[in-house]
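New to this one? Let's take a short walk through it, starting with the whole chain and then stopping at a few residues.

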Amino acid sequence: MAYIQKDRVKETTVTNGTGAITLAGAAVGFQAFSAVMAVSDTCYYFIVSATGADWETGTGTYSSASV
């Protein structure tokens, strides 16, 4: 397990609520988390809703390389 800090990593998701986030692929011009992280690596994250009204920050653990 390593702490990962990389530039230009951004993915979309349709996950709502609390709990695990299912990643839906890299945004155009960015790379996916799976390209820079291994299972159990951690990183600082920022999530924002489509409207920008809801957001959160934190430290997360990458738990699956399925995307």
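What follows goes from the overall fold to single residues.

## The whole chain

Keep in mind that this is a predicted model. The protein has one helix and four strands, and if you read from the N terminus, the order is β-β-α-β-β.

How does the radius of gyration fit with a compact globule? For 67 residues such a globule would come out near 11 Å, and the protein has 12 Å, which agrees. Along the principal axes, the C-alpha trace covers about 30 × 25 × 20 Å.

As for what is hidden and what is not, 21% of the 67 residues count as buried. The accessible surface is about 5,000 Å², and carbon and sulfur atoms make up 54% of that. Looking at contacts with a separation of 6 or more, 33% are between residues 24 or more positions apart.

## Asp41, a buried charge

Now to a single residue. Asp41 sits in the loop between α1 (33-36) and β3 (42-48). Which side chain of opposite charge is nearest to Asp41, and how far away is it? That is Lys6, at 9.2 Å. Asp41 has no salt bridge because a salt bridge needs the charged atoms within 4 Å, and yet Asp41 is buried.

Asp41 does have a polar partner, though: its side chain reaches the backbone nitrogen of Ala38 at 2.8 Å. Setting aside residues up to four places away in sequence, Asp41 also touches Met1, Ala2 and Ile4, along with Gly60, Thr61 and Tyr62.

## Thr22, out in the open

Thr22 belongs to another loop, the one between β1 (11-13) and β2 (23-26). Is Thr22 buried or exposed? Its relative accessible area is 53%, and exposed means over 50%, so Thr22 counts as exposed.

Beyond its neighbours within four places in sequence, Thr22 is in contact with Thr12, Thr13, Val14 and Thr15. Thr51 is 29 residues away from Thr22 along the chain, and the C-alpha atoms of the two are separated by 19 Å.

## Two positive phi angles

Here are two residues, neither of them a glycine, with a positive phi.

| Residue | Phi | Place |
|---|---|---|
| Arg8 | about 60° | segment before β1 |
| Ser40 | near 85° | loop between α1 and β3 |

Ser40 also has a relative accessibility of 34%, so it counts as partly exposed.

Conventions:
Residues numbered from 1 in each chain as written. Predicted model: local features only at pLDDT ≥ 70, side-chain atom pairs only at ≥ 80, totals over all residues. Heavy atoms only, no water. Helix = DSSP H or I, 4+ residues; strand = E, 2+ residues; numbered from the N terminus. Rg over C-alpha atoms; globule rule 2.2 N^0.38 Å. Buried < 20%, exposed > 50% of the residue type's maximum accessible area, 1.4 Å probe, protein only. Contact = heavy atoms within 4.5 Å. Areas by Shrake-Rupley, 256 points an atom, 1.4 Å probe, with all protein chains shown as cover. Lys, Arg positive; Asp, Glu negative; His and termini not counted. Polar contact = N/O pair within 3.5 Å; in protein donor to acceptor, adjacent residues only side chain to side chain.
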